[in-house]
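Visitor: Could you walk me through this one while I have it open?
Guide: Gladly, let us look at it together.

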Amino acid sequence: MTLLKVLEYPEPILKQVSKEVVQFDSSLEIFLSDFIETLNSHKYCVGLAAPQVGNLQRIIAIDISRARKPHPNNGPLILINPKILESSNFKNVREGCLSIPDFTANVKRAMNIVVAYQNVQGEAKTLATKDFEAHAIQHEMDHLDGILFLDKISNPASELFRRVKY
Ligand code: CO
């Protein structure tokens, strides 16, 4: 297994739109094992999107159980070709990103979502989730469309915050 380099803003790859995964083969499995190892190598990291490691495929990994504070969660998840089917209960919530290490921001996110995706075998699944897990999924899905939280804030003076190092 190999740790993958996490690209940081303003790397142009982060602004590209990722492609649907069509081949569920051994090269996908090898990438996923490196991708998960990379996520797990970052303390408190709860999600990663494939374009953040330079792979422009619609793949995200989520693991809210790794958060600094406990949240209800479904454990480690890999969502391939995810699509939001339903979203409701929008709130402004604080978020960070491994690709923007020095800042956090307040972003409007749905606190309840239903997401369709394919698992690592290519089987169609749906997941209904809420709160921090729903929030993290939306953040990672934005990466698949080349969207960073910097693109979602209108007033940096009140919505962008220097990250407190811990
Ligand atoms: Co991010």
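**Core, metal site and strands**

Guide: This is a predicted model, and a good place to begin is the largest nonpolar core, which has 18 residues, among which I60, I62, L79, I113, V115, L127 and I137 touch the most other members.

Visitor: Which elements each supply at least two residues of this core?
Guide: They are the strands β2 (59-62), β3 (77-95) and β4 (103-118), together with the helix α2 (131-144); the largest share, five residues, comes from α2.

Visitor: And what does L79 touch?
Guide: Leaving aside residues up to four places away in sequence, L79 touches R58, I59, I60, V115, Y117, Q118 and I137. There is also a second, separate core of 14 residues, and V21, L39, A50 and I59 are included in it.

Visitor: Back to β2 then, what sits on its two faces?
Guide: Both faces are covered, with I59 and A61 buried on one side and I60 and I62 buried on the other. In a regular strand, side chains alternate between the two faces of the sheet.

Visitor: Changing topic, what coordinates the cobalt ion?
Guide: The cobalt ion is coordinated by C97 through SG and by H139 and H143, each through NE2, at 2.0 to 2.2 Å. Along the chain these donors follow the spacing C-x41-H-x3-H. C97 lies in the loop between β3 and β4 whereas H143 is in helix α2, so this pair ties together parts that are 46 residues apart in sequence.

Visitor: Are C97 and H143 buried or exposed?
Guide: C97 is buried, with a relative accessible area of 5%, and H143 also counts as buried, at 1% relative accessibility.

Visitor: How do the strands pair, starting from β1?
Guide: Strand β1 (residues 47-49) runs antiparallel to β2 and is joined to it by three bridges, with G47 standing opposite I62. β2 in turn is joined to β3 by four bridges, again antiparallel, and there A61 has I78 as its bridge partner.

Visitor: How many bridges are there between β3 and β4?
Guide: β3 and β4 pair over 12 bridges in the antiparallel sense, and one of the residue pairs is S87 with I113.

Visitor: What else pairs with β4?
Guide: Strand β5 (residues 124-130) is joined to β4 by seven bridges and runs antiparallel to it, with T129 opposite I113. These two strands form a hairpin with five residues between them, and G122 in the turn has a positive phi of about 90°. β4 also pairs with strand β6 (residues 160-162), in the antiparallel sense over three bridges, where A105 has L160 as its bridge partner.

Key:
Residues are numbered from 1 along each chain as its sequence is written. This is a predicted model: local features need pLDDT of at least 70, side-chain atom pairs count only at pLDDT 80 or more; totals for chains, interfaces and linings use all residues. Side-chain values use heavy atoms; hydrogens and water are left out. A nonpolar core is a set of buried Ala, Val, Leu, Ile, Met, Phe, Trp, Tyr and Cys residues joined through side-chain atoms within 4.5 Å. Buried means under 20% relative accessible area, exposed over 50%, partly exposed in between (1.4 Å probe, protein chains only). Contact means heavy atoms within 4.5 Å. Donors are N, O and S atoms within 2.8 Å of the metal (3.2 Å for Na, K and Ca); water is not among the atoms, so sites may look incomplete. Two strands pair if DSSP finds at least two bridges between them.
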